[in-house]
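This briefing is intended for a reader who is new to the structure. Please consult the sequence and the model while reading the points below.

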Amino acid sequence: MMEQYLALKREAGGSLLFYRMGDFFELFFEDAKIASEILDIALTSRGEHAGEPIAMCGVPVHSAEGYLARLIKAGQRVAIAEQVETPDEAKARAKREGKPSSKVLVARDIVRFVTAGTLTEEALLEPRRANVLVALAEVRGAIGIASCDISTGAMALEECTSQMLSAELARLHATEVIVPEGWEHVPDENVPHDRGAFSSDAGSERLCAVHGVATLDGFGEFSRAMLAAAGGLIGYLDHVGRGKLPLLLPPRLRANASSMAMDEATRGSLEILESQNGNRAGSLVAALDRCSTGAGSRLLAEDLSAPLLDLQLIEERLALVQFWRDRPIERANLRDVLRALPDIGRALGRIVAGRGSPRDLGQIRDGLGEAARIHDWLTREADRPPLLDALLPRLAGHGALIDLLACALVASPPTERGNGGYIAPGYDASLDELRDISGNARRAIAAMEARYRDETGIAALKIRHNGVLGYFIEVPSRHGDALMAADSGFTHRQTMKGAVRFNSLALHEEASRIAEAGGHALAAEDSHFEELVGEVHAAREKIAATAAALARLDVAAGNAERAAQGDWARPEIVDTAELEIVGGRHPVVEAALAKTGERFVANSCTLAPDDRLWLIGGPNMGGKSTFLRQNALIVVMAQAGCFVPANAARIGLVDRLFSRVGASDNLARGRSTFMVEMVETAAILAQATERSFVILDEVGRGTSTYDGLALAWAVVEAVHSRIACRCLFATHYHELARLADSCDSLSLHHVRAREWKGDLVLLHELAEGPADRSYGLAVAKLAGIPAPVVQRARQVLTKLEQARSETGGLAAGLGELPLFAAAAAPEPEQGPEDVLAERLRTTDLDALSPRDALDLLYELKRTLD
């Protein structure tokens with residue numbers, strides 16, 4: 001057995017091996033140590049291998065899914081090794097091979113690899129989060145990206161540059177990333193796969209084979225890099241599925257310019273899908289999500305991850321939200337219907353992947369039936385928006401399949417197919433007959449039990465059943481002797497501690513009839529199951545389209561519900577570089593304050609070509625960062641097709657959104673907090689365009705005061721004069737206010753605060769003009785800094801301010817500097833003569849010894865040479 005295990009373990013590579021032994025999956029050696037620690041189960045040992053005890057642990061097969069979920073969440077990959085032949089088949093094989101049947105081992109093989117990105121089981125997936133698998137490939141400098149959620153089959157192909165790879169991966173929020181072995185552009189978390197699979201020709205052939213077409217022209221014009229990535233993705237899925245591919249819908253071509261670009265730092269600081277602690281709670285999607293279904297929540301997250309750049313598509317989404325916003329009664333009815341719907345997209349994924357159950361077929365039946373009823377209802381509604389008219393045809397057209405599944409399946413099919421009972425009576429006459437035979441035989445056994453009690457006079461006699469003995473007669477031990485007699489008609493089977501078990505010829509005959517009829521019935525049901533799966537498989541693309549249409553309806557109705565709850569406004573999207581938000585609020589902070597009964601202070605923001613950069617001052621905790629983030633989030637929501645938390649909003653399309661708000665160190669990459677800040681700022685200065693929106697908070701605070709001010713000054717000038725984009729810049733450097741004199745499109749603003757009887761009162765209101773001071777000592781007092789320390793800091797501050805007034809302050813003379821464009825002209829390089837002159841000028845000749853003077857002459861000679 002160990003030889004078989006070790007051979008399978010070599011095949012499993014770095015995956016933990018679940019080795020099937022009876023009703024348990026066993027793990028051995030190092031796998032057992034890892035699993036026992038993660039799963040908190042007992043670690044034992046048995047026998048020896050290479051002179052060492054064999055560590056082992058196991059989990060029951062019937063509850064393996066829960067253990068798998070914990071292992072996958074801990075970052076492990078698992079290979080499932082099942083028995084691929086019965087004991088009888090193993091004995092027959094041994095006989096053919098001329099080996100003793102008593103020593104033959106049942107053949108086992110790895111039937112599947114379980115990885116984070118290839119899960120389809122309902123128990124292992126989060127209902128409201130997509131499970132995205134991504135494969136990357138590089139062809140002639142372009143990086144192809146193939147992404148797929150195999151739980152629903154949705155697949156997309158795109159490409160990007162190496163500089164944009166991290167931003168694209170952040171948008172996809174992938175669970176697992178597959179790369180060619182030895183590839184240089186390796187993301188932090190990745191799974192290497194056979195390099196030969198990442199071939200554009202292989203990708204084209206595999207896509208054609210999966211979808212049964214001769215050419216991919218009907219799906220889109222895919223680049224070589226995209227096809228290479230698709231080849232790697234399908235090759236990996238083929239590997240982990242051991243030749244069984246999951247549901248893959250026709251690939252969708254995604255253009256780079258179709259959505260707003262956001263890098264990883266921006267997504268993290270805005271907390272779009274996850275809060276800073278990595279949880280969904282506290283994120284934008286959690287504050288916005290009012291979807292009734294898991295599929296709707298997943299689509300909403302996708303919308304927020306990739307806000308649109310197409311005005312028409314944005315308006316179509318907004319119009320559908322408005323349609324439901326204006327119809328509260330109809331919206332409530334739709335949401336009630338959707339809430340009861342099964343997740344037919346994921347049920348379809350399990351069926352096509354070969355892991356479906358009768359319950360999944362029932363979910364397809366029920367979901368398609370409700371979709372048809374929604375279609376019939378909505379076709380009667382007047383003033384339908386264009387997007388609703390486009391969705392309606394996808395909700396219908398499944399009548400024949402619905403009727404078939406309704407006739408074939410019981411009302412509530414079970415999750416397991418092995419025990420039967422899911423094909424409805426009346427669907428198959430021969431199956432009904434087999435069930436009658438089995439049912440009659442069971443009634444006959446009940447009558448036999450009553451007759452045996454009368455004949456033997458043993459009232460405690462019972463006919464029982466188990467998986468080892470089958471049907472048997474059981475009496476208490478004190479009555480066992482009476483049935484042991486040779487002429488009793490009973491045959492002794494087993495003696496227990498308190499009971500004796502027997503068989504009889506009549507019982508054996510009835511049991512055989514039950515087993516034969518039951519076996520034939522199970523085989524018949526299994527055959528019908530495969531036929532129904534085949535019908536669903538044939539209609540998989542239409543079913544997936546219906547699931548997608550229901551999800552889009554759910555997102556629109558959920559957004560309308562959220563807009564009604566918060567009194568949110570429909571944004572106006574324009575194709576000009578402006579941003580006008582009246583009474584804007586931060587959706588996450590407002591929701592958090594509402595729970596405590598507090599009111600969020602709304603603020604407006606108006607950026608235009610002649611006033612596109614706001615320099616915002618004021619105290620810490622005054623609301624600067626919240627103001628910056630809320631405007632960025634409103635832009636994201638608007639271009640994703642959502643209503644926004646504001647009284648009104650007019651938003652010019654933003655091609656790229658950049659957020660540098662807050663920072664932490666990244667010790668894993670050897671970066672300090674200041675280094676992280678500079679890397680993120682550098683990305684903004686290199687990638688932002690005139691149509692971008694940038695929010696910057698406290699640039700330069702992580703270094704010395706002079707360095708920080710100099711950097712902040714230069715960054716503001718660059719954003720204003722060179723990039724010329726819309727920008728909100730929060731700072732504590734009051735000296736930057738002088739930029740208003742030289743930067744025409746820059747205006748000064750501050751968050752209001754007042755000191756009252758020695759205490760700081762934060763008003764959280766934005767006002768025009770520069771901040772008078774930062775109130776840092778008052779904030780320190782609020783934070784609990786001891787009073788003597790605050791008092792001492794006040795004395796030091798008085799001295800510093802006195803010195804600043806005497807010297808002109810930190811920014812003395814900065815107003816005389818030329819603007820960024822002029823200042824950026826390269827300085828002339830120093831020649832050797834200049835270096836020599838500088839060296840002589842700084843040398844104290846009187847302090848030189850004769851030896852030092854000679855060394856200096858040699859040094860100057862080398863400089864001239």
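**Briefing on selected features**

Leaving aside neighbours within four places in sequence, R317 is in contact with D303, L308, L387, R552, A640 and G641. The model is predicted. The points below begin with R317 and its helix, then turn to other helices and to the strands.

**R317 and helix α11**
- R317 belongs to helix α11, which covers residues 311-325.
- With a relative accessible area of 16%, R317 is classed as buried, because the cut-off for a buried residue is under 20%.

**Helix α21**
- Helix α21 spans residues 587-595, and its buried residues are P587, V588 and E590.
- These residues lie on the same side of α21, because they cover an arc of only 165° around the axis.
- The cover over the buried residues of α21 includes three helices: α9 (284-288), α20 (540-566) and α22 (624-639).
- After α21 comes G597, which has a positive phi, near 80°.

**The surface patch and helix α29**
- L854, L857 and Y858 make a nonpolar surface patch of about 320 Å².
- Within this patch, L854 is located in helix α29, which consists of residues 850-864.
- L854 counts as partly exposed because its relative accessibility is 38%, a value that falls between the cut-offs of 20% for buried and 50% for exposed.

**The six-stranded sheet**
- Six strands form an open sheet with mixed pairing, in the order β11-β10-β7-β8-β9-β12.
- At the edges of this sheet are β11 (191-193) and β12 (252-253), each of which pairs on one side only.
- Within the sheet, strand β7 (residues 133-139) and strand β10 (residues 176-180) run parallel and are joined by three bridges.
- In this pairing, L133 stands opposite E176 of β10.

**The hairpin of β16 and β17**
- Strand β16 (residues 491-495) and strand β17 (residues 499-503) run antiparallel, with four bridges joining them.
- The connection from β16 to β17 is a hairpin through three residues.
- Across this pair, H492 stands opposite F502, a residue of β17.
- As a general point on strands, side chains in a regular strand alternate between the two faces of the sheet.

Terms used:
Residues numbered from 1 in each chain as written. Predicted model: local features only at pLDDT ≥ 70, side-chain atom pairs only at ≥ 80, totals over all residues. Heavy atoms only, no water. Patch = residues over 30% accessible without salt bridge, like charges linked within 9 Å, V, L, I, M, F, W, Y side chains within 5 Å. Areas by Shrake-Rupley, 256 points an atom, 1.4 Å probe, with all protein chains shown as cover. Salt bridge = Lys/Arg side-chain N within 4 Å of Asp/Glu carboxyl O. Helix = DSSP H or I, 4+ residues; strand = E, 2+ residues; numbered from the N terminus. Buried < 20%, exposed > 50% of the residue type's maximum accessible area, 1.4 Å probe, protein only. Pairing = 2+ DSSP bridges. Contact = heavy atoms within 4.5 Å. Arc of directions from axis to C-beta.
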